[in-house]
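Trainee: I am new to this one, and I would like to understand the words people use for it. Could we look at it together?

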Amino acid sequence: MPQPVARSAILSLILIAGIVGAAAAIFAYTAGWLSPRRLTPDKMVDALTPPGVDPAGHRRNHAKGICFTGMFEANGAGSALSQAEVFTRGQYPALGRFNLATPDPNAQDPTVRVRGLGLRIATPDGQEWRTAMIDPPFFAVSTPQAFYELLLATASKDPDAMKIFAGAHPEIAAFAAWAKSAPWTGSYAEERFNSLDSFIFVDGSGARHAVRWSLLPDARPVPVSPDDLAKRGPDFLEQDITERVRGGPQRWAMVVTVANPGDPTADPSKAWPEDRRTVAVGTLVVQQIEAERDGPCRDINFDPTVLPAGIETSDDPFPAARSAAYAKSYDRRTAEAQDYPRTASGAKP
Amino acid sequence: MSAVGQRFTALQRLLHWLMAVCILAMLFIGVGMVSTVMPKYLTLVSIHKPLGIAILVLALIRLVVRLIYGAPSLPADLPEPMKLAAYLSHYAFYALMIGLPLIGWAMLSAAAYPVVLFGGVRLPPILPQSDGLHTLLWNAHFYLAFAFFALILLHVAAALFHAFVRRDGVFEAMAPLSTHGRVVLTDPQSDRVA
């Protein structure tokens, strides 16, 4: 009976090919290969780099920055909101990076509207709190998808692109108004930096509190006109902070703002009302400045989802998107380290 | 070890099917998480890390079990190239089951990312921070994961070929449930003695 055996063998082979092919297809779908519209970390990071900018070896956004080290001095008040050790009264080593929200590592300091601060605080229990904050009081857009579309509109050659974008995402108007009217300062040390994203603090009893946090400068902000800033040179912010810290530690108070029930936690473009409860939880003390090229912040990804037990992400969609995009940026720039070589004296073995 | 109709031990079969589920989930989670910026990214990453460590532990246990109990011999009439492919694939599986989690752990270490498992348990770094090592390990993790999935597809195709076409008892040796051992014993092609 060779005939039926051969036929059943062929049918079996077809069945096997079908099973294997289906498995491969589901895998391809999961990987996004069949979904060209899916917003991937690669697309987001690609969109950050405008034509004419070479970011090789650098962060794909907030590309220009300078490292600092110091301490976070917790006053203990935060323990009422979160069980994280970082809020227990004490001093914890801090590492961070002052930066400019630009994809261009060679940007001129006076030209960049948004300034930022990346921070990593380590505690003896082996946990870490990483956060990356900026100085506007609210974010430009409501969703990561809108941020991606903003990047595309900004880079678009279509003169109406921004108008069309603003029509679809009216929240951008408030940000544009802030960018136009908010005073500029001449120093990172005079900036207030805000998490903007909402997170959840979990206290010792397991109660959950929706919060945002800010760093409020000890130094009094002195408004400087953009015209005057333009005269200060392309790296004046880095020079200023280096000189200030050489003269003495610079301080920021860390203040946690607690949401009222119903406050928008999923949308960082919406500021919470001014009267919300705030808790000063400690002080960031910046003690030393180091150039980024050989500095300790260079290879740190200030991923805002690296959180100690006691701090969690909320329904805000941005930290996840930032984590995915920051990781992609990290993968790319560490693979391009030869394009941003360390100096011989600072080279790691 | 060469008795006709011999199967892998119950422990080996349990480990095989448990790990099959874990590894397939792991590979799908892996390619899914790196292709999205949605909130599920964080959920997937938070499963990927502890599941990877679980696979590493299971693979080490399985390797010991394999060294103790061995494997049923392949049918004597299996062509030599297929025998060779079977042996090599088993080495490749063990190398990937143990190697991929270690490479992932080392990759995160080289990037100074904390490796957090369920319940906030943290693993220590197994490498110092390094651009070059991170890039090397990232590429290895990425490409070996696709190689792993390709190997699994081949493995499934081969297993089904044994089950449907050759009907030589190889599939039944690892089948999760007993088939009363009759499949092998009634194989008319078998020239083996019980």
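Mentor: Happily; we will take the terms one by one, and please keep in mind that this is a predicted model.

Trainee: What makes up chain B, in helices and strands?

Mentor: Chain B has six helices and two strands. Read from the N terminus, the elements of chain B come in the order α-α-α-β-β-α-α-α.

Trainee: And what makes a residue of chain B count as buried?

Mentor: A residue is called buried if 20 or more other C-beta atoms lie within 10 Å of its own. Of the 194 residues in chain B, 28% count as buried. For chain A, with 349 residues, the share that counts as buried is 41%.

Trainee: Which helices of chain B pack together, and how is that described?

Mentor: Two packed helices are described by the angle between their axes and the distance between the axes. H2(B) and helix H3 (residues 80–110) of chain B pack at an angle of about 145°, and their axes are 9 Å apart. H2(B) passes H3(B) in a left-handed crossing.

Trainee: Which residues make that contact?

Mentor: From H2(B), the contact includes Gly52(B), Ile53(B), Leu56(B) and Leu63(B). Among those from H3(B) are Tyr94(B), Met97(B), Pro101(B) and Gly104(B).

Trainee: Why do Tyr94(B) and Gly52(B) fall into separate classes there?

Mentor: Tyr counts as nonpolar and Gly as polar, so Tyr94(B) goes with the nonpolar residues and Gly52(B) with the polar ones. By class, the contact of H2(B) with H3(B) has 11 nonpolar, two polar and no charged residues.

Trainee: How many residues does each chain give to the contact between chain A and chain B?

Mentor: Chain B gives 29 residues and chain A gives 39 residues. On the side of chain B, the elements that give two or more residues are helix H1 (10–33), helix H2 (40–69) and helix H4 (131–166). The largest share there, 12 residues, comes from H4(B). By class, that side of chain B has 20 nonpolar, seven polar and two charged residues.

Trainee: What does chain A consist of?

Mentor: Chain A has eight helices and 12 strands. Its C-alpha trace spans about 95 × 55 × 50 Å along the principal axes.

Trainee: How do you know which domains chain A has?

Mentor: They come from a domain assignment, which gives domain 1 (1–36) and domain 2 (39–342) of chain A. The C-alpha centres of domain 1 and domain 2 of chain A lie 49 Å apart.

How values were computed:
Residues are numbered from 1 along each chain as its sequence is written. Chains are lettered from A and ligands numbered from 1 in the order in which they are written. This is a predicted model: local features need pLDDT of at least 70, side-chain atom pairs count only at pLDDT 80 or more; totals for chains, interfaces and linings use all residues. Helices (H or I, at least four residues) and strands (E, at least two) are DSSP runs, numbered from the N terminus. A residue is buried if 20 or more other C-beta atoms lie within 10 Å of its own, exposed if 12 or fewer, and partly exposed in between; C-beta atoms are placed from the backbone. Two residues are in contact if their C-beta atoms, placed from the backbone, lie within 7 Å. Domain bounds come from an automatic or database domain assignment. Axes are lines fitted to C-alpha atoms, for helices over the stretch in contact, and angles run from 0 to 180 degrees between N-to-C directions. A crossing is left-handed if the near helix is turned anticlockwise from the far one by less than a right angle, and right-handed if clockwise.
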